[in-house]
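Here is a short tour in questions and answers. Take a look at the structure, then read on.

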Amino acid sequence: MEPTRDCPLFGGAFSAILPKGAVDVSDLRPVPDNQEVFCHPVTDQSLIVELLELQAHVRGEAAARYHFEDVGGVQGARAVHVESVQPLSLENLALRGCCQEAWVLSGKQQIAKENQQP
């Protein structure tokens, strides 16, 4: 298993465990303020953490799917595949006093990178 490191996100508001070799894309090109983007130096895979606006018309698992599919649509994804959607235990969240529920969605999207054809 590849060695990992704790990586602060959004100015230290929370963190994620990433492979040691993960490259912060903001060191290479501009990244929107609501995103943290990392890429693997060998596999050409990317991890994007994105803060999204509340959509009151969807809740729970449906909200996680809605946002994932919406981002894929905006990015022109050729394929969007949800692998799993799981609730997070609120007592394990640093923001537990601020939210009523939290979900994590794992999935894959096939999207052309900057300046490439889909």
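Helices and strands here are DSSP runs, with at least four residues for a helix and at least two for a strand. The model is predicted.

Q: How many helices and strands does the secondary structure of the protein chain come to?
A: Start with the order along the sequence. The pattern reads β-β-β-β-β-α-β-β. The count is one helix and seven strands.

Q: Which domains does the domain assignment give, and what distance separates their centres?
A: The assignment places residues 1-51 in domain 1 and residues 55-117 in domain 2. Their centres are taken over C-alpha atoms. The separation is 17 Å.

Q: What does the C-alpha trace of the protein chain span along its principal axes, and what percentage of the residues count as buried?
A: The trace spans about 40 × 30 × 30 Å. The chain has 118 residues. Buried means under 20% relative accessible area. The buried share is 21%.

Q: What area does the protein chain expose, and what share do carbon and sulfur atoms supply?
A: The exposed area of the chain is about 8700 Å². Carbon and sulfur atoms supply part of that area. Their share is 52%.

Q: Is E36 buried or exposed, and which side chain of opposite charge is nearest?
A: E36 sits in strand β4, residues 35-39. E36 is buried and has no salt bridge. A salt bridge needs a nitrogen-oxygen distance within 4 Å. The nearest side chain of opposite charge is 9.4 Å away, and it belongs to R5.

Q: Which residue has the backbone nitrogen that the side chain of E36 reaches?
A: E36 touches L9, F10, G11, L47, I48 and V49, leaving aside residues up to four places away in sequence. The side chain of E36 reaches one backbone nitrogen at 2.7 Å. That nitrogen belongs to F10.

Q: Why does E61 count as partly exposed?
A: E61 lies in helix α1, residues 60-74. Partly exposed covers the range between under 20% and over 50% relative accessible area. E61 falls in that range because its relative accessible area is 34%.

Q: Which residues does E61 touch, not counting those up to four places away in sequence, and how many Å from L105 is E61 in space?
A: E61 touches V85 and W103, with residues up to four places away left out. E61 and L105 are 44 residues apart in sequence. In space, C-alpha to C-alpha, they are 8.5 Å apart.

How values were computed. Residues are numbered from 1 along each chain as its sequence is written. This is a predicted model: local features need pLDDT of at least 70, side-chain atom pairs count only at pLDDT 80 or more; totals for chains, interfaces and linings use all residues. Side-chain values use heavy atoms; hydrogens and water are left out. Buried means under 20% relative accessible area, exposed over 50%, partly exposed in between (1.4 Å probe, protein chains only). Lys and Arg count as positive and Asp and Glu as negative; His and the chain ends are not counted. A polar contact is a pair of N or O atoms within 3.5 Å; within protein, one must be able to donate a hydrogen and the other to accept it, and residues adjacent in sequence count only if both atoms are side-chain atoms. Contact means heavy atoms within 4.5 Å. Domain bounds come from an automatic or database domain assignment. Accessible areas come from the Shrake-Rupley method with a 1.4 Å probe; for residues, only the protein chains shown count as cover.
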